[in-house]
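Hi there,

Here is the model I promised you. Have a look at it first, and then read on for what turned up in it.

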Amino acid sequence: MSTYETGAIKSLKAGDLLMQEGESGDCAYIIETGSVEILIDRDGVPQVIGTRGAGALLGEMAMIDDQPRTASVRAIEDCSVLVISREDFARRTESADPILRMVTKVILTRYRDMLGRSQLIVTPPDADLADPADLETDQELRDLAVNTIKIYHELKHALENNELQLYYQPIVDLETCRIAGFEALARWIHPEKGMISPGVFIPVAEESGLIVEISRWALDESCKAVKQLEPFSDGGAPLFVSVNFSVHDFSDQDFLHHVTTIMEKNGTDPAHIHLEITESLLMEKPHVAKEALEKCRDYGFEISIDDFGTGYSSLSYLHSFPIDTLKIDQSFIRSMLAQHSSLQLVKSIISLAKNLEMRVIAEGIEHPEEAAALRELDCEYCQGFWFAKPQPLEEAAALLQNWTPPSYQADKAAGGK
Ligand code: C2E
Ligand code: CA
Ligand code: CA
C-alpha cells in the first residue's frame, strides 16, 4: 500500500526531503505551492541538478515501474504537494488502451536507460521555476488531471459522509397516464459547493472505479424507495425504480453476488427494479455486458438501454442482448417537432422496439406537444420536466400519492400544435 492515497496533500518545510535517491517510490507528486531542488549523489556528495516549482510533476517514474528513485528531492521553501498513489495509478492504467500502456512503458524504459548513460537531463538550477510546463505536460492537461484528482478525493469522502442523495423522476404511462415507475438519479450535496451535477462526478467515478460503490449504494437506496413508494401505487403492474448502472460494475466478478445480497437484505422483489445501461457503455465491453445482463435478467431484473440512438452501434446487437426497454435519447425528442429527420428516427425506434417486443420510453419531454405527438406515435412511456423534475424521495412519494396527470390534450386544443 502507498503511504498516501491519491488526492492527499503533503506539506513540507524548507529543507525537508520529499523523496530519497535509491529508495523505492510508491507515489508521484504535483507541486501545488513552493519549490524544490533535485539532487543526485556524486561520489557521496549531493549535487543539485535542477529545480521545480508549482505545477511540476515529480516521482512519476518510480511510481510507474517500481524501480528505485533516480534522484532525491528537497524543499527549497515551504511546499504543498498533491499525491498520486501507485495503486490508484496502476488501476487506472490497467483499463487503459494496451497500445498506450505499451508505448508508455517503452518510453519510460528508454528514458531510464538514457539517464543511466548520460547522468541526467533536467532543468539547470537557474531555470525559470514558474514554467516547468514545456518539460512535463501542457497546462490544460495538467489542470484537467488535477481537477479530476480533487473531485475523486472529495467524492470518496462524500460517499463516506453520506453527501450523495438519489432524486426520483417519474416515468409516465402515456396510455393510462399513471406513474409506472421512477428513474433514480444521483445528486451530490456538497457542504460548501451545494448541489453538484452527476454530469460532473459520474465520469470521474467511472474513470476511478468509484462507480462500483455508487451503483451499490444507488441500488440499496432504490430498494428502500420501492418500499416507501409502493403503497401509493394503484395496484396495476409493479411500480418500478430504474437504477443507472455502468459497464464497469459488470467487470467485477462478484457483481451478481453483491447485487443479490442487497436485494435480499432489503427483501425487494426484482420485478420492482430496472437496470439502465447506456448504449455507448454497453458497446465498450459487449461480451462482459452480455454475460452480466443475462444473469441479471435470469434473476428477475428488467433491462433498459439508455440514451438509445446515440451509441452508433450496429442494430444486430439488439437481439443478442437481453433487453426489455429502449429509452429514446432526449436529443431526438428535443428536435422531433422541428426536424423531420428526428421525427422519422423516433418513429423508427418505436416500431423497431415493437417488432422486437420491447417497451419504449421517450426521455426529455419538456412540452405538451411532444407528449401528444409521442402518444400518437404509440410510444408507451414518457419521462421529462413537463411531467415532473427529479425530486427527493419524500416529494416523489407525495407526487405519486396526489398524482393528477398534466392534460396535454387540453393544452393542445388551447393553442399547441
Ligand atoms: P440519464 O440517465 O440519461 O438521466 C436523464 C437525465 O436527463 C437526468 O439528468 C435528468 O435530470 C435529465 N432530464 C430529465 N427530464 C428532462 C427534460 O425534460 N429536459 C432536460 N433537459 N433534461 C431532463 P441528471 O440527473 O443530471 O443526470 C445526468 C446523467 O448522469 C444521467 O443521464 C446518467 O447518465 C448519469 N447518472 C445520474 N445518476 C446516476 C447514477 O446513480 N449512476 C450512474 N451510473 N449514472 C448516473
Ligand atoms: Ca438513465
Ligand atoms: Ca438517458
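Follow the chain and you'll meet the donor residues of the calcium ion (ligand 2) in the spacing E-x60-N-x31-E-x29-D. Those letters stand for Glu183 (OE), Asn244 (OD1), Glu276 (OE) and Asp306 (OD), which sit 2.1 to 2.3 Å from the ion. Two of them connect distant parts of the chain: Glu183 belongs to strand 10 and Glu276 to strand 13 (residues 273-278), and they are 93 residues apart. Keep in mind that this is a predicted model.

Are these two donors buried or exposed? Buried counts as under 20% relative accessible area. Glu183 comes out at 3%, so it is buried, and Glu276 is buried too, with 1%.

Now for the other calcium ion, ligand 3. Its donors are Asp306 (OD), Asp307 (OD) and Glu363, which gives two OE contacts, at 2.2 to 2.8 Å. The spacing along the sequence is D-D-x55-E this time. Asp306 is in strand 14 (residues 302-308) while Glu363 is in strand 16 (residues 359-363), so this pair ties together parts that lie 57 residues apart in sequence. Asp306 has a relative accessible area of 6%, so it counts as buried, and Glu363 is buried as well, at 7%.

Did you spot the residue that turned up in both lists? Asp306 bridges the calcium ion (ligand 2) and the calcium ion (ligand 3), and the two ions are 4.3 Å apart.

Next, ligand 1. Which residues come nearest to ligand 1? Of the 19 around it, they are Arg187, Asp306, Gln330, Glu366 and Phe385. So Asp306, the bridge between the two calcium ions, is on this list as well.

Here are some polar contacts to click on:

- Ala186: a polar backbone atom is 3.0 Å from a nitrogen atom of ligand 1.
- Asn244: a polar side-chain atom is 3.2 Å from an oxygen atom of ligand 1. Asn244 is also a donor to the calcium ion (ligand 2).
- Ile365: a polar backbone atom is 3.5 Å from an oxygen atom of ligand 1.

On its own, ligand 1 has 800 Å² of accessible area, and the protein covers 82% of that. The space it takes up is the second largest pocket.

Where does the shell around ligand 1 come from? Strand 10 (179-190), helix 5 (198-208) and strand 14 each give at least two residues. Strand 10 has the largest share, with four residues.

Have fun clicking around!

Terms used:
Residues numbered from 1 in each chain as written. Chains lettered and ligands numbered in written order. Predicted model: local features only at pLDDT ≥ 70, side-chain atom pairs only at ≥ 80, totals over all residues. Heavy atoms only, no water. Donors = N, O, S within 2.8 Å, 3.2 Å for Na, K, Ca; no water. Buried < 20%, exposed > 50% of the residue type's maximum accessible area, 1.4 Å probe, protein only. Near = heavy atom within 4 Å. Polar contact = N/O pair within 3.5 Å; in protein donor to acceptor, adjacent residues only side chain to side chain. Areas by Shrake-Rupley, 256 points an atom, 1.4 Å probe, with all protein chains shown as cover. 1 Å grid on protein atoms, 1.4 Å probe; cavity = no way out; pocket = protein on both sides within 12 Å on 5 of 7 lines; lining within 4 Å. Sits in = over half its atoms within 2 Å of the grid points.
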